[in-house]
Amino acid sequence: MKRLGRVLGGPVAGQAARTPFVLLVVALLGGGLISLLLLNSALNQGSFQLSKLKRETTTLTDEEQALQRDVDGYSAPDALQRRAHELGLVPGGSPVFIGPDGKVAGTASPAAEPPPPSPPAPPASAAAVPPSPSGAVPSPAGSPDPAPSGAAAPAPSSAPSGGAPQPSQTPGR
């Protein structure tokens, strides 16, 4: 009988049982490939997010270090002393303590009078101005220039102003 089915081209019992198995294997392979594709996409997205967060962390760490340097500069003893002097503070005398029983330990003394504030240093830009080619002295920063630029300043005169011009005096006459 089996022979007759083969000759006539009919399905054989073993071949019919193989079809669902092949479909199952193809479905499993397809599902596995799709799940690998989804997993790979999720990992790539996580990788991009991780690199973005690393850049942000680096930026914030740099900013934190800059701020810490500023804090260290402001809290240095010489900087604190300079700022206290600018505010008019003076070092205190010997300390006085009040005990829990109310007794005073130590002797109070007034603080020394603060020295007058020192004048601010001239800005570096005003000190570094080269003299003009005409020999005139440049005016300090912020003061109005009486002569227009390029014109020489008038020479000071000891003669009274107004009236007739004075004859010029030349040596050797």
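**Figure 1. Helix α2 and the place of L29.** L29 has its place in helix α2, which covers residues 13-74, and it is shown here in a model that is predicted. The relative accessible area of L29 is 57%, and L29 therefore counts as exposed, since that class holds residues over 50%. L29 also contributes to a nonpolar patch on the surface, made together with F21, V22, V25 and V26. The area of this patch comes to about 470 Å².

**Figure 2. The salt bridge between E86 and R83.** In this view the side chains of E86 and R83 form a salt bridge, in which the closest N and O atoms are 3.4 Å apart. A search of the whole structure finds 1 salt bridge. Both E86 and R83 belong to helix α3, residues 77-86, where they are separated by 3 residues, or about one turn of the helix. E86 has a relative accessibility of 53% and is classed as exposed, whereas R83, with a relative accessible area of 47%, is partly exposed. The two residues fall into separate classes because the exposed class begins over 50% relative accessible area, with partly exposed residues lying between that value and 20%.

**Figure 3. I98 in strand β1 and its contacts.** I98 is found in strand β1, which is made of residues 97-98. When neighbours within four places in sequence are left aside, the residues in contact with I98 are K103 and V104. The relative accessibility of I98 is 65%, so this residue counts as exposed, even with the contacts to K103 and V104 in place.

**Figure 4. The whole chain as the setting for the close-up views.** The secondary structure of the protein consists of 4 helices and 2 strands, and along the sequence these elements follow the pattern α-α-α-β-β-α. The protein has 173 residues, of which 1% count as buried. Its accessible surface comes to about 15900 Å², and carbon and sulfur atoms account for 65% of that surface. Among the contacts in the protein with a separation of 6 or more, 10% are between residues that stand 24 or more positions apart. Against this background, the views above show L29 in helix α2, the pair E86 and R83 in helix α3, and I98 in strand β1.

Key:
Residues numbered from 1 in each chain as written. Predicted model: local features only at pLDDT ≥ 70, side-chain atom pairs only at ≥ 80, totals over all residues. Heavy atoms only, no water. Patch = residues over 30% accessible without salt bridge, like charges linked within 9 Å, V, L, I, M, F, W, Y side chains within 5 Å. Areas by Shrake-Rupley, 256 points an atom, 1.4 Å probe, with all protein chains shown as cover. Salt bridge = Lys/Arg side-chain N within 4 Å of Asp/Glu carboxyl O. Buried < 20%, exposed > 50% of the residue type's maximum accessible area, 1.4 Å probe, protein only. Contact = heavy atoms within 4.5 Å.
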